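Me: I've just opened this one and I'm new to it. Could you walk me through it, one question at a time?

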Amino acid sequence: MEQPGGEFVPPVPTAPVTGAASAPTGVAGPETGQGLQWRANGVVLPVVRSVGFCALMLIGSFGLWSFAWVWHTAQEVSPRIKRAIGEGTWSPEARTALVWVPIVGLIVVYQSWRDISHFATQAGTKSFSPGGYLAGYVVVSLLPFFGIFGVAFPWVVQEKMNDAWRAAEPERAAKAPMMQADWIPLGIGLAIWGLFVISFLASF
């Protein structure tokens, strides 16, 4: 490159950019702009939540973390699904808002479990019948003295989702961090637990 005055200055070589995140391998990744909560250099990372973690979050949040679980599934798993023609699904916002609505909430659970089953199939792990699991969950939960065993169905679904993440992205699947969607219901639930404790102690 010749500068004014006739002096030649050689161009400075540009170093290649390193450390840039690559697109996730395995199943097809979600589109950008989905409002996902955990990213590394703009790429959504696969996350794993243990059954123990889910149970503690549900207990600590007084059950409110179920909203966060539906939100996480709709944000992290559902965008990766290759859907059949005519197979629709509700938005993450709609699912989260309707999960505790009688009857409608069962549709939300079905859509979430259906997407997890599809994800397991695409990842090459064992899928399941979302309709059959949901029917079993409802029936067992309504049985006198045995309703507690209904938790076995969401337990297995969570494990299947974790297996699918590990199979789809074995080098990237990692323990999920606490996100805003987790802290909010946990904080509300702990406040409710605190009020119960204060009320109990005040009764003496």
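**A first walk through the chain**

Me: Let's start broad. How many helices and strands does the chain have?
Reply: Keep in mind that this is a predicted model. Going from the N terminus, the elements run β-β-β-α-α-α-α-α-α-β-α. The tally for the chain is seven helices and four strands.

Me: And what share of the residues counts as buried?
Reply: Buried here means under 20% relative accessible area. The chain has 204 residues, and the share of them that passes as buried is 34%.

Me: Among contacts between residues at least 6 apart in sequence, what percentage joins residues at least 24 apart?
Reply: A contact needs heavy atoms within 4.5 Å. Taking the contacts between residues at least 6 apart, the part that joins residues at least 24 apart comes to 66%.

Me: Now helix 7. What does it reach from its first C-alpha to its last?
Reply: Helix 7 covers residues 180-202, which is 23 residues. At 1.5 Å a residue you'd expect 33 Å, and the model comes close to that. Its reach from first to last C-alpha is 33 Å.

Me: Which residues of helix 7 are buried, and which helices are included in what covers them?
Reply: The buried ones are A181, D182, P185, L186 and G189. What covers them includes helix 1 (51-60) and helix 2 (65-76).

Me: How does helix 2 lie against helix 7: roughly parallel or roughly antiparallel?
Reply: The two axes are 8 Å apart and the packing angle is about 165°. Angles over 145 degrees count as roughly antiparallel. So helix 2 is, relative to helix 7, roughly antiparallel.

Me: Is the crossing of those two right-handed or left-handed, and which residues of helix 7 meet helix 2?
Reply: Helix 2 passes helix 7 in a crossing that is right-handed. On the helix 2 side, the contact uses W65, A68, W71 and H72. By class, this contact has five nonpolar, one polar and one charged residues. The helix 7 residues that they meet are A181, D182 and P185.

Me: What about helix 4 and helix 5: are they oblique or roughly parallel?
Reply: The axes of helix 4 (residues 104-123) and helix 5 (residues 130-142) come within 9 Å. They cross at roughly 135°. That makes helix 4, with respect to helix 5, oblique.

Me: Which residues of helix 5 does helix 4 meet, and how many in the contact are nonpolar?
Reply: From helix 4 come L106, V109, Y110, W113, R114 and S117. Their partners in helix 5 are P130, G131, Y133, L134, Y137 and V138. The contact has two polar residues and one charged, and its nonpolar residues number nine.

Me: Which handedness does that crossing have, right or left?
Reply: Two packed helices are described by the angle and the distance between their axes. The handedness of the crossing adds to that picture. For helix 4 and helix 5 it is right-handed.

Me: D115 is in helix 4. Is D115 buried or exposed, and what does it contact?
Reply: D115 has a relative accessible area of 0%, so it is buried. Leaving aside neighbours within four places in sequence, D115 is in contact with V77, S78, I81, R83, T89 and R95.

Me: Q111 is in helix 4 too. Is Q111 buried or exposed, and what does it touch?
Reply: Q111 has a relative accessible area of 6%, so it counts as buried. The C-alpha atoms of Q111 and G131 are separated by 9.5 Å, with their places 20 residues apart along the chain. Not counting residues up to four places away in sequence, Q111 touches G88, T89, W90 and R95.

Me: What is the phi of I103, and is I103 buried or exposed?
Reply: Most residues other than glycine have a negative phi. I103 has a positive one, near 70°. I103 sits in the loop between helix 3 (92-98) and helix 4. At 64% relative accessibility, I103 is exposed.

Me: Last one: where is F145, and is F145 buried or exposed?
Reply: F145 isn't a glycine, yet it has a positive phi of about 70°. Its place is the loop between helix 5 and helix 6 (152-168). With a relative accessibility of 82%, F145 counts as exposed.

Note on methods. Residues numbered from 1 in each chain as written. Predicted model: local features only at pLDDT ≥ 70, side-chain atom pairs only at ≥ 80, totals over all residues. Heavy atoms only, no water. Expected span 1.5 Å × (residues − 1). Buried < 20%, exposed > 50% of the residue type's maximum accessible area, 1.4 Å probe, protein only. Axes fitted to C-alpha atoms, helices over the stretch in contact; angles between N-to-C directions. Parallel < 35°, antiparallel > 145°, perpendicular 65-115°, else oblique. Left-handed = near helix turned anticlockwise from the far one by under 90°. Nonpolar A, V, L, I, M, F, W, Y, C, P; charged D, E, K, R; others polar.
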